[in-house]
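Here is a short briefing for a first look at this structure. Take in the sequence and the fold, then read the points below.

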Amino acid sequence: MNWNLLSADDLEAEWLELNKWVHWLRRTYGLPASVVPPFWHHHPELVWELSALHLHWLGAYDPEQNASAPIGWHRDFADARARLREWVAASGTRLDRDRPTRQTSWPGEDPAPPVEDLTIEDRESEFVDFVMAQVAERRRAEDEFFRHLDDQAGGP
């Protein structure tokens with residue numbers, strides 16, 4: 001699944017489903033915040049990794065799949081945990097606070113904005129607000145795209 005190509009409605013559904021699965025994953029495997037932090041959804045590197053892991057898990061546990069597929073998923077899960085640890089360490093997100101992943105400016109680019117830690121008060125409430133903002137932004141982009149098509153076609 002490509003997060004960049006989802007419609008607003010599909011984006012909302014996928015965020016909610018991934019969040020549900022990540023909660024299951026971290027509880028089932030006792031994953032610490034150094035592997036899956038509360039604000040993982042604010043870090044694209046974590047979103048893409050967890051999303052890929054989720055899709056892999058869905059395929060591995062599909063009833064039509066070979067019986068050994070879950071073993072392959074667990075092997076890949078070990079590799080994914082190592083990558084998640086690296087990205088969490090690099091991003092600076094923690095159990096009780098978060099900050100945007102630091103960006104390195106290349107020569108000729110404007111300097112990256114400073115990053116500040118944010119305290120995490122209520123993760124679930126913040127997640128809902130985050131998803132609603134993401135969906136609203138995607139819906140605005142869709143509306144703008146269709147408005148542009150209407151303008152090109154001479155529509156109302």
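What share of the contacts in the chain with a separation of 6 or more comes from residues 24 or more positions apart? The share is 68%. Keep in mind that this is a predicted model. The chain holds 4 helices and 2 strands.

**Overall build**

- From the N terminus on, the order of elements is α-α-α-β-β-α.
- The C-alpha trace spans about 55 × 45 × 35 Å along its principal axes.
- The chain has 156 residues, and 32% of them are buried.

**Surface and charge**

- The accessible surface of the chain is about 10,100 Å². Carbon and sulfur atoms account for 54% of that surface.
- Side chains with a positive charge number 16, and those with a negative charge number 29.
- The centres of these two sets are 7 Å apart.

**The largest pocket**

- The volume of the largest pocket is about 190 Å³.
- Its lining consists of 13 residues. Trp3, Trp15, Pro44, Val47 and Gln134 lie nearest the centre of the pocket.
- Three helices each supply at least two residues of the lining: helix 1 (8-28), helix 2 (44-60) and helix 4 (123-153).

**Leu18 and Asn19 in helix 1**

- Leu18 sits in helix 1. Its relative accessible area is 2%, so Leu18 counts as buried.
- Beyond its neighbours within four places in sequence, Leu18 is in contact with Trp3, Trp40, Val47, Leu50, Ser51 and His54. Two of these names, Trp3 and Val47, also appear among the residues nearest the centre of the largest pocket.
- Leu18 and His41 are 23 residues apart in sequence. Their C-alpha atoms are 9.6 Å apart in space.
- Asn19 also belongs to helix 1. Is Asn19 buried or exposed? Asn19 is buried, because its relative accessibility is 7% and the cut-off for buried is under 20%.
- Asn19 is in contact with Trp40, Arg123, Glu124 and Phe127, leaving aside neighbours within four places in sequence.
- Trp40 is therefore a contact of Leu18 and of Asn19, while Leu18 and Asn19 are both buried.

**Glu49 and Arg83, across helices 2 and 3**

- Glu49 is placed in helix 2. With a relative accessible area of 10%, Glu49 is buried.
- Which residues does Glu49 touch, not counting those up to four places away in sequence? They are Ala80, Arg83, Leu84 and Trp87.
- Arg83, one of these contacts, is placed in helix 3.
- Arg83 is partly exposed, at a relative accessible area of 34%.
- Arg83 and Glu49 are 34 residues apart along the chain. Their C-alpha atoms are separated by 8.3 Å.

**Tyr61 in a loop**

- Tyr61 lies in the loop between helix 2 and helix 3 (69-91).
- Why does Tyr61 count as partly exposed? Its relative accessibility is 39%, and partly exposed residues fall between the cut-offs of 20% and 50%.
- Tyr61 is in contact with Pro70 and His74, leaving aside neighbours within four places in sequence.
- Tyr61 and Asp122 are 61 residues apart in sequence. From C-alpha to C-alpha, Tyr61 and Asp122 are 32 Å apart in space.

Conventions:
Residues numbered from 1 in each chain as written. Predicted model: local features only at pLDDT ≥ 70, side-chain atom pairs only at ≥ 80, totals over all residues. Heavy atoms only, no water. Buried < 20%, exposed > 50% of the residue type's maximum accessible area, 1.4 Å probe, protein only. Contact = heavy atoms within 4.5 Å. Areas by Shrake-Rupley, 256 points an atom, 1.4 Å probe, with all protein chains shown as cover. Lys, Arg positive; Asp, Glu negative; His and termini not counted. Charge placed at Lys NZ, Arg CZ, Asp CG, Glu CD. 1 Å grid on protein atoms, 1.4 Å probe; cavity = no way out; pocket = protein on both sides within 12 Å on 5 of 7 lines; lining within 4 Å. Points joined across faces, edges and corners; volume = space filled by probe spheres on them.
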